[in-house]
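Got your viewer open and a hand on the mouse? Let's take a walk through this one, stop by stop.

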Amino acid sequence: MTQPAPSAQHQGPGKGRADAPASPPSKKQGPGARVLGFRADVRNLSLLGVLVVLVAVGGITEPDAFLDTGNLQLILTQASVIGVVTVGVTFVIIGGGIDLSVGAMVALASVWATTLATQEYGFAGILFTAMIVGLAAGLVNGVLIAYGGLVPFIATLAMLASARGLALQITDGKTQIVTVRSVLDLGLPDSYVLGIPPLVLVFAAVTVVGWFLLNRTTFGRRTVAVGGNAEAARLAGIDVRRQRLYLYLLSGLCCGIAAFMLIVLSGSGQNTNGNLYELDAIAAAIIGGTLLSGGRGTIVGSVLGVLVFTTITNIFALNNLQSDVQQIAKGAIIVAAVLVQRRTLRGGDT
C-alpha cells in the first residue's frame, strides 16, 4: 500500500535512463563507422579489380595499341580533365546536392579564357580567367540554391542552359585558337615529368587536396553532416546555407581548372567543350560509392570510377566499337552501381 519514494519513482529511473545509455551508443557507433569504412574499402578494391580486368581485356584485344606508353598516357590525360570535375561534383553530391551545369561551366570558362583580349595577358591571364569564371558560375549556383531556395536540379539546369548560351554568344559558334606558346607547351611530351603529363599531375594534386578536405578537415565533416541530415546539422550549429554555397563554389573552381586543362589539351576554346561532362562526372561518383541522397562518398572511389569509364571508352575506340555501344555500357554500369548501393544500404539497416 505504501507508495515508492519520489526519488525512486522519478529521479532514480530518470538518472538510469540518462546515464546508462551513454556508453552503449558510443559502442554501437564505433563498429558502425568501421563497417562503413570496411564497405568503402571493399568497394574501392572492387573498382580497382574492375580496372585491372579492363586493362587485361585491352591488353588481350589490342595488345600493341592499348599497352603502348603513348596510349596509357592518353588515358590518364583524358581522365584528368573529367576527373577534376568529378572531384567537385563528388563534394556537391555528398553535401546533398546535384550539379548538372559542370559541362556548361567548363565550356563557358574555356571560351572566356581564350578570347583575344584574354590571351593578351598570356599564361596567367588564361588560367586566372578560367578559374574566376568557374568560381563566378559556381557562386551563382550556390546563391540560388542556398539563399534563393531553388531546388539544385532546377538551378543547375538553368545554369547549364545559360552558360551554354553565353559560350555560344562569345564564340559566335567559332573555335578560338590559343596562340600563347607557354600554354600549348604544357601539352607537349617535352613538358612531361618522368614520363607523366603535367595535366595528370594537376589531377593528382586536386585529388589529394580533395581527399584531405573531405577526410581531415571540419569542412569535410560539415559536408557529410549536411548531406546526411541538413536539419540535424543546423541544430548542431552548422550554417547549412553557407556550407552549400561553399560546395558549389568548390565545384565551380574545379570546372575552371578543368577548363584550363582542356585548353591545354585541345589548344582552343569551343562552346561545345565539356559536352556531357555532367553525366560522366555524376556516373563516376556513383559507381565510386557516392550516394545520390547525400551523406556518403569517397574521393578515391570517384577517381577510380573516372579511370574505369575512361579505360572503357579507350578500349571501345581501339576496337572500333561505335559510341552508342559505349553509352549503353555506361548506362548498364550506372544501374548496376545504384542497385549495389541500395543492397548495401538495406544491409546496413538490418
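Start by selecting Leu 157, which sits in helix H8 (residues 152-171). Keep in mind as you look that this is a predicted model. Is Leu 157 buried or partly exposed? With 38% relative accessibility, Leu 157 counts as partly exposed. Now add Val 151, Phe 153 and Ile 154 to your selection: together with Leu 157 they make a nonpolar patch on the surface, with about 360 Å² of accessible area between them.

Time to zoom out and show everything. The protein has 350 residues, and 44% of them count as buried. Colour by secondary structure and you should be able to find 16 helices and 2 strands. Switch on the surface, too: the accessible part comes to about 17600 Å², and 66% of that belongs to carbon and sulfur atoms. The chain also meets up with far-off parts of itself. Of the contacts with a separation of 6 or more, 79% are between residues 24 or more positions apart.

Next, go inside. The largest nonpolar core has 75 residues, and those with the most contacts inside it are Val 84, Val 85, Phe 91, Val 106, Ile 126 and Val 183. Which helix gives the most to this core? Select helix H13 (residues 240-266), which puts in 13 residues.

Stay in the core and click on Phe 91. Leaving out residues up to four places away in sequence, Phe 91 touches Gly 210, Leu 213, Leu 214, Phe 219, Thr 223, Leu 247, Leu 250 and Ile 299. One of those neighbours deserves a closer look, and this brings us to the aromatic pairs, of which there are 2. Show the rings of Phe 91 and Phe 219: their centres are 6.1 Å apart and their planes meet at 45°, so this pair is tilted. Phe 91 belongs to helix H4 (residues 69-94) and Phe 219 to helix H11 (residues 218-228), so to speak a long-distance match at 128 residues apart. Both Phe 91 and Phe 219 are buried.

For the other pair, select Phe 123 and Phe 260. Here the ring centres are 5.3 Å apart and the planes are at 75°, which makes the pair edge-to-face. This one links distant parts of the chain as well, with Phe 123 in helix H7 (residues 122-147) and Phe 260 in helix H13, 137 residues apart. Phe 260 is buried at 8% relative accessibility, whereas Phe 123 is partly exposed at 31%.

Now hop to Gln 119 in helix H6 (residues 116-119). Gln 119 has a relative accessibility of 8%, so it counts as buried. What does Gln 119 touch, not counting residues up to four places away in sequence? Its contacts are Ala 113, Thr 114, Ile 126, Ile 177, Val 178, Thr 179 and Val 180.

Last stop: charges. Side chains of opposite charge can pair when their charged atoms come close. How many salt bridges does a search of the whole structure find? There are 2. For one, select Asp 185 and Arg 181, whose side chains meet at 3.1 Å, N to O. These two are 4 residues apart in helix H9 (residues 181-185), so about one helical turn separates them. Asp 185 is partly exposed, at 32%.

Then select Arg 234 and Glu 231, where the closest N and O atoms are 2.5 Å apart. Both lie in helix H12 (residues 230-235), 3 residues apart, again about one turn. Arg 234 is partly exposed at 46% relative accessibility, and Glu 231 is partly exposed at 40%.

Terms used. Residues are numbered from 1 along each chain as its sequence is written. This is a predicted model: local features need pLDDT of at least 70, side-chain atom pairs count only at pLDDT 80 or more; totals for chains, interfaces and linings use all residues. Side-chain values use heavy atoms; hydrogens and water are left out. Patches are made of residues with over 30% relative accessible area and no salt bridge: like charges are joined within 9 Å, nonpolar side chains (Val, Leu, Ile, Met, Phe, Trp, Tyr) within 5 Å. Accessible areas come from the Shrake-Rupley method with a 1.4 Å probe; for residues, only the protein chains shown count as cover. A salt bridge is a side-chain nitrogen of Lys or Arg within 4 Å of a carboxyl oxygen of Asp or Glu. Buried means under 20% relative accessible area, exposed over 50%, partly exposed in between (1.4 Å probe, protein chains only). Contact means heavy atoms within 4.5 Å. A nonpolar core is a set of buried Ala, Val, Leu, Ile, Met, Phe, Trp, Tyr and Cys residues joined through side-chain atoms within 4.5 Å. Rings of Phe, Tyr and Trp (its six-membered ring) pair if their centres lie within 6.5 Å; planes under 30 degrees apart count as stacked, over 60 as edge-to-face and the rest as tilted.
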